[in-house]
Amino acid sequence: MLHRGQESTDGAGGGELAVPMAWFYAEYIAEELLRTGDLMPPTSFEFRAGRDALALTIFLSDSGGELSGIRVVTQLETWLSLTAYDQPWQDWVCERMAHFTAEALERGGPSPDLELAAEAWRWLEETELLAPDLDAVPGGGAVLGEDDGPKVWTPAWRLGLPLGHLAIHLF
């Protein structure tokens, strides 16, 4: 991404290519967690939903740009708690995105990392996937198999978040 007037990664400025390394790294970690869990094919929309939900969690939970390979294992418990079923993850994402946006504006311009995170969040909110109804009343009817149960159109983040949570558990 070329950002005019933005500093490059080496601080030289002059409109060089600004590489969104923090987002790419968060996305890489999320993808590796999902691949290790082997929960769905990497080419599926469900995989993308899980990867984007996990990448957002990883990226937005990083305080002060400290995300490094050594700390990944120490962050697993934090990511598990953030992605847990009873947590207000969507509200947390909105709050953190607002915080990161305000910081970027204070520094004088958009952040390429934040732009990719915002695009992932937009996709997760606006895309709906047909998924099993996890809130269906148990015993409401005879269900022969997983594919025979009730299905609902669900925002991608609602499907990706539990997949990401499970992938962390399986790691």
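1. Let me start at the surface: Phe-24 is partly exposed, with a relative accessible area of 38%. This residue sits in helix H1. Together with Val-19 and Met-21, Phe-24 makes a nonpolar surface patch of about 260 Å². Please keep in mind throughout that this is a predicted model.

2. Now for the interior. The largest nonpolar core has 42 residues, and those with the most contacts inside it are Leu-56, Phe-59, Leu-60, Trp-79, Trp-89, Val-93 and Leu-124. Two or more residues each come from helix H1 (21-37), helix H2 (45-61), H3, helix H4 (89-106), helix H5 (112-126), strand S1 (128-132) and helix H6 (156-170). The biggest contribution to this core is that of H2, with nine residues.

3. Leu-56 deserves a look of its own, as one of the core residues with the most contacts inside it. Leaving aside residues up to four places away in sequence, Leu-56 touches Trp-23, Trp-89, Trp-92, Val-93, Met-97, Ala-117, Ala-120, Trp-121 and Leu-124. Among these partners, Trp-89, Val-93 and Leu-124 are also named with Leu-56 as having the most contacts inside the core.

4. Is Thr-83 buried or exposed? Its relative accessibility is 3%, so Thr-83 counts as buried, the cut-off for buried being under 20%. Thr-83 belongs to helix H3 (residues 72-83). Its side chain reaches two backbone oxygens: that of Trp-79 at 2.8 Å and that of Leu-80 at 3.4 Å. Beyond four places in sequence, Thr-83 touches Thr-57, Trp-89, Leu-161, His-165 and Ile-168. Trp-89 is thus a contact of Thr-83 and also a contact of Leu-56.

5. On to the charged side chains. Side chains of opposite charge can pair when their charged atoms come close. How many salt bridges does the model have? The count comes to six, and three of the pairs are worth going through below.

6. In helix H1, Arg-35 and Glu-31 lie four residues apart, about one turn of the helix. Their side chains meet in a salt bridge, 2.8 Å from N to O. Arg-35 counts as partly exposed at 42% relative accessibility, and Glu-31 counts as partly exposed at 22%.

7. Helix H2 holds a pair with the spacing of four residues, about one turn of the helix: Asp-52 and Arg-48. Their salt bridge has an N to O distance of 3.5 Å. What is the state of Asp-52, buried or exposed? Asp-52 is buried, because its relative accessible area is 2% and buried means under 20%. Its partner Arg-48, at 30% relative accessibility, counts as partly exposed. If you are checking charged groups in the model, here is a bridge with one buried member and one partly exposed member.

8. The third pair is in helix H5. Glu-119 and Arg-122 are three residues apart there, so about one helical turn separates them. They form a salt bridge, with the closest N and O atoms 2.9 Å apart. Glu-119 is partly exposed, with a relative accessible area of 42%, and Arg-122 is partly exposed too, at 37%. Elsewhere, salt bridges that share partners join Glu-27, Glu-31, Arg-35, Arg-48, Arg-51 and Asp-52 into one network. The H1 pair of Arg-35 and Glu-31 and the H2 pair of Asp-52 and Arg-48 therefore both belong to this network, where each bridge is a Lys or Arg nitrogen within 4 Å of a carboxyl oxygen of Asp or Glu.

Methods. Residues numbered from 1 in each chain as written. Predicted model: local features only at pLDDT ≥ 70, side-chain atom pairs only at ≥ 80, totals over all residues. Heavy atoms only, no water. Buried < 20%, exposed > 50% of the residue type's maximum accessible area, 1.4 Å probe, protein only. Polar contact = N/O pair within 3.5 Å; in protein donor to acceptor, adjacent residues only side chain to side chain. Contact = heavy atoms within 4.5 Å. Core = buried A, V, L, I, M, F, W, Y, C linked by side-chain atoms within 4.5 Å. Patch = residues over 30% accessible without salt bridge, like charges linked within 9 Å, V, L, I, M, F, W, Y side chains within 5 Å. Areas by Shrake-Rupley, 256 points an atom, 1.4 Å probe, with all protein chains shown as cover.
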